[in-house]
Amino acid sequence: MSDHFLTATTAVIADDITVLVAVGEIDRDSTNVLADAVREIPGRWIVADLSGVTFCDSSGLNYLVQLHNRLAGQGGSLAVAGARDFVLRTLKVASLDRLFPLRPTVDEAVTALTTP
């Protein structure tokens, strides 16, 4: 069991758009927390608010890619909002900014999802 702690909550903010708010550290022992939070969401578009995430390892990156692929298969997409410096650098080093939008705020991430 990990000593790290992660919480994840969701809120539907518009038709088909859900915000996933994660707080803590995303690692191999905590990605299941994210999966459980989004398992039953109704929307095809998710904004992952990572402003409260202090660490994300390769397991977390892999989960975000899997989530993006699942949503894309349903005609939707993923955007990431508010990632802190370390997490943002990690996402960019992995070139995930080419797969889905990385934005400073939830509002900007929502706009990135809804603007053609």
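Here is a short walk through this structure, starting with its sheet and ending with its salt bridges. Keep in mind along the way that the model is a predicted one.

Let us begin with the sheet. Five strands make up an open sheet, lined up in the order E1-E2-E3-E4-E5, and their pairing is mixed. E1 and strand E5 (102-103) stand at the edges, each with a single partner strand, so one side of each has no neighbour in the sheet. As a general background, the strands of a sheet pair through backbone hydrogen bonds, and they can do so either parallel or antiparallel.

Now follow the chain into the sheet. Strand E1 covers residues 6-14 and runs antiparallel to E2, with eight bridges joining the two. To find this pairing on your screen, look for Ala-11, which stands opposite Val-19 in E2. E1 and E2 form a hairpin with two residues between the strands, and here Asp-16 takes a positive phi near 70°. Keep Asp-16 in mind, as we will come back to this residue.

Strand E2, residues 17-26, is the next stop. How many of its 10 residues are buried? Seven of them are, which leaves the strand mostly covered. On its other pairing, E2 is joined to strand E3 (residues 45-56) by nine bridges, and these two strands run parallel. A handy landmark is Ile-26, which stands opposite Cys-56 in E3.

How does the chain get from E2 to E3? Helix H1, residues 31-38, belongs to the connection: E2, H1 and E3 together make a right-handed β-α-β unit. E3 in turn pairs with E4 in the parallel sense, over five bridges. In that pairing, Ala-48 stands opposite Val-80 in E4.

The helices deserve a look too. H1 packs with helix H2, which spans residues 58-73, at an angle of about 20°, and their axes are 10 Å apart. That angle makes H1 roughly parallel to H2, since angles under 35 degrees count as roughly parallel. The crossing in which H1 passes H2 is right-handed.

After H2 comes a loop that leads to strand E4 (77-81), and Gly-75 lies in this loop. Gly-75 counts as partly exposed, at 45% relative accessibility. Although Gly-75 and Trp-45 are 30 residues apart in sequence, they are 8.6 Å apart in space, C-alpha to C-alpha.

Finally, let us turn to the salt bridges. A search of the whole structure finds three of them. One brings us back to Asp-16, which forms a salt bridge with Arg-44, with the closest N and O atoms 3.4 Å apart. What does this pair tie together? Asp-16 sits in the loop between E1 and E2 while Arg-44 sits in the loop between H1 and E3, so the pair ties together parts that are 28 residues apart in sequence. Both partners count as partly exposed: Asp-16 at 28% relative accessibility and Arg-44 at 30%.

Another salt bridge links Asp-29 with Arg-28, where the closest N and O atoms are 3.4 Å apart. Here Asp-29 is partly exposed, with a relative accessible area of 33%, whereas Arg-28 counts as exposed at 63% relative accessibility. The remaining pair is Asp-36 and Arg-39, whose closest N and O atoms are 2.7 Å apart. Asp-36 has 46% relative accessibility and counts as partly exposed.

Methods. Residues are numbered from 1 along each chain as its sequence is written. This is a predicted model: local features need pLDDT of at least 70, side-chain atom pairs count only at pLDDT 80 or more; totals for chains, interfaces and linings use all residues. Side-chain values use heavy atoms; hydrogens and water are left out. Buried means under 20% relative accessible area, exposed over 50%, partly exposed in between (1.4 Å probe, protein chains only). Helices (H or I, at least four residues) and strands (E, at least two) are DSSP runs, numbered from the N terminus. Two strands pair if DSSP finds at least two bridges between them. A crossover is right-handed if, with the strands pointing away from the viewer, the path from the first strand over the helix to the second runs clockwise. A salt bridge is a side-chain nitrogen of Lys or Arg within 4 Å of a carboxyl oxygen of Asp or Glu. Axes are lines fitted to C-alpha atoms, for helices over the stretch in contact, and angles run from 0 to 180 degrees between N-to-C directions. Angles under 35 degrees count as roughly parallel, over 145 as roughly antiparallel, 65 to 115 as roughly perpendicular and the rest as oblique. A crossing is left-handed if the near helix is turned anticlockwise from the far one by less than a right angle, and right-handed if clockwise.
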